[in-house]
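Here is my note on the model you asked about, set out as numbered points. Please keep the structure open beside you while you read.

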Amino acid sequence: FGVALVYQRYLWKGLYTGVHVMNAFQKFVDEDGNKIQNGFQIFNTYRLGYHFKLFNNRFFIEPSIAITHRPFETNMPDSFKKLDDKWTKFFFGEPGLHFGYNF
């Protein structure tokens, strides 16, 4: 569970960048669903996309590509940490598609 803060900036016409910073409280469970311990994580997303206006600017879609990053984690159980250490804290090329309605 967590809350995210987002900053989005338009660069040129519909081209935009965005930064999403989320804090997340984690609950680690074993294979039987029993709680092992709690943890905390900061999860960032760095996004580049394009804002398309549709139907007289009433609707929009924003396809994008992102880099995700986990810069900070606490209280990860050793069994989880062994698996997590095999992977980088960055993931390149996450696709995104935001859509919405303008009031």
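1. Start with Lys81: with a relative accessibility of 38%, Lys81 counts as partly exposed. Three words will keep coming back here: buried is under 20% relative accessible area, exposed is over 50%, and partly exposed is in between, using a 1.4 Å probe and protein chains only. Lys81 forms a salt bridge with Asp85, and the closest N and O atoms are 3.2 Å apart. A salt bridge here is a side-chain nitrogen of Lys or Arg within 4 Å of a carboxyl oxygen of Asp or Glu. Asp85 is partly exposed as well, at 48% relative accessibility.

2. Some salt bridges share partners, and these join Arg70, Glu73, Asp84 and Lys89 into one network. Within this network, the side chains of Arg70 and Glu73 meet in a salt bridge of 3.2 Å, N to O. Lys89 also forms a salt bridge with Glu73, the closest N and O atoms being 2.9 Å apart. Lys89 lies in the loop between H1 and S6 while Glu73 is in strand S5, so this pair ties together parts that are 16 residues apart in sequence. Are these partners buried or exposed, or in between? Arg70 is buried, at 15% relative accessibility, and Lys89 is partly exposed, at 29%. By the rule given above, the count comes to six salt bridges.

3. A word about what you are looking at. This is a predicted model, in which local features need pLDDT of at least 70 and side-chain atom pairs count only at pLDDT 80 or more, while totals for chains, interfaces and linings use all residues. Residues are numbered from 1 along each chain as its sequence is written, and side-chain values use heavy atoms, with hydrogens and water left out. The pLDDT is the predictor's confidence in each residue, from 0 to 100. For the protein chain the mean pLDDT is 91, and 100% of the residues reach 70 or more.

4. Which elements have the lowest and the highest mean pLDDT? Helix H1 (residues 78-84) has the lowest, at 84, and S4 has the highest, at 95. Helices (H or I, at least four residues) and strands (E, at least two) are DSSP runs, numbered from the N terminus. If you want a residue to look at in helix H1, try Ser79. Ser79 counts as partly exposed, at 49% relative accessibility. The C-alpha atoms of Ser79 and Tyr46 are separated by 29 Å, and these residues are 33 apart along the chain.

5. Now turn to Arg47, in strand S3 (residues 35-50). Arg47 counts as buried because its relative accessibility is 9%. Which side chain does the side chain of Arg47 make a polar contact with? The partner is the side chain of Glu94, at 3.0 Å. A polar contact is a pair of N or O atoms within 3.5 Å; within protein, one must be able to donate a hydrogen and the other to accept it, and residues adjacent in sequence count only if both atoms are side-chain atoms. Leaving aside neighbours within four places in sequence, Arg47 is in contact (heavy atoms within 4.5 Å) with residues including Tyr16, His20, Ser64, Glu94 and His98.

6. Next, find the nonpolar surface patch of about 1000 Å², whose members include Phe52, Phe55, Ile61, Leu97 and Phe99. Patches are made of residues with over 30% relative accessible area and no salt bridge: like charges are joined within 9 Å, and nonpolar side chains (Val, Leu, Ile, Met, Phe, Trp, Tyr) within 5 Å. Strand S4 (52-54), strand S5 (59-74) and strand S6 (90-101) each supply at least two residues, and S6 gives the largest share, three residues. Phe99, in strand S6, is exposed at 67%. Phe52, in strand S4, is partly exposed at 38%.

7. Finally, look at the loop between S4 and S5, where you will find Phe55 and Asn57. Phe55 has a positive phi of about 50 degrees although it is not a glycine. Phi of Asn57 is also positive, near 65 degrees, in a residue other than glycine. Phe55 is exposed, with a relative accessible area of 66%, whereas Asn57 is partly exposed, at 35%.

Terms used. Areas by Shrake-Rupley, 256 points an atom, 1.4 Å probe, with all protein chains shown as cover.
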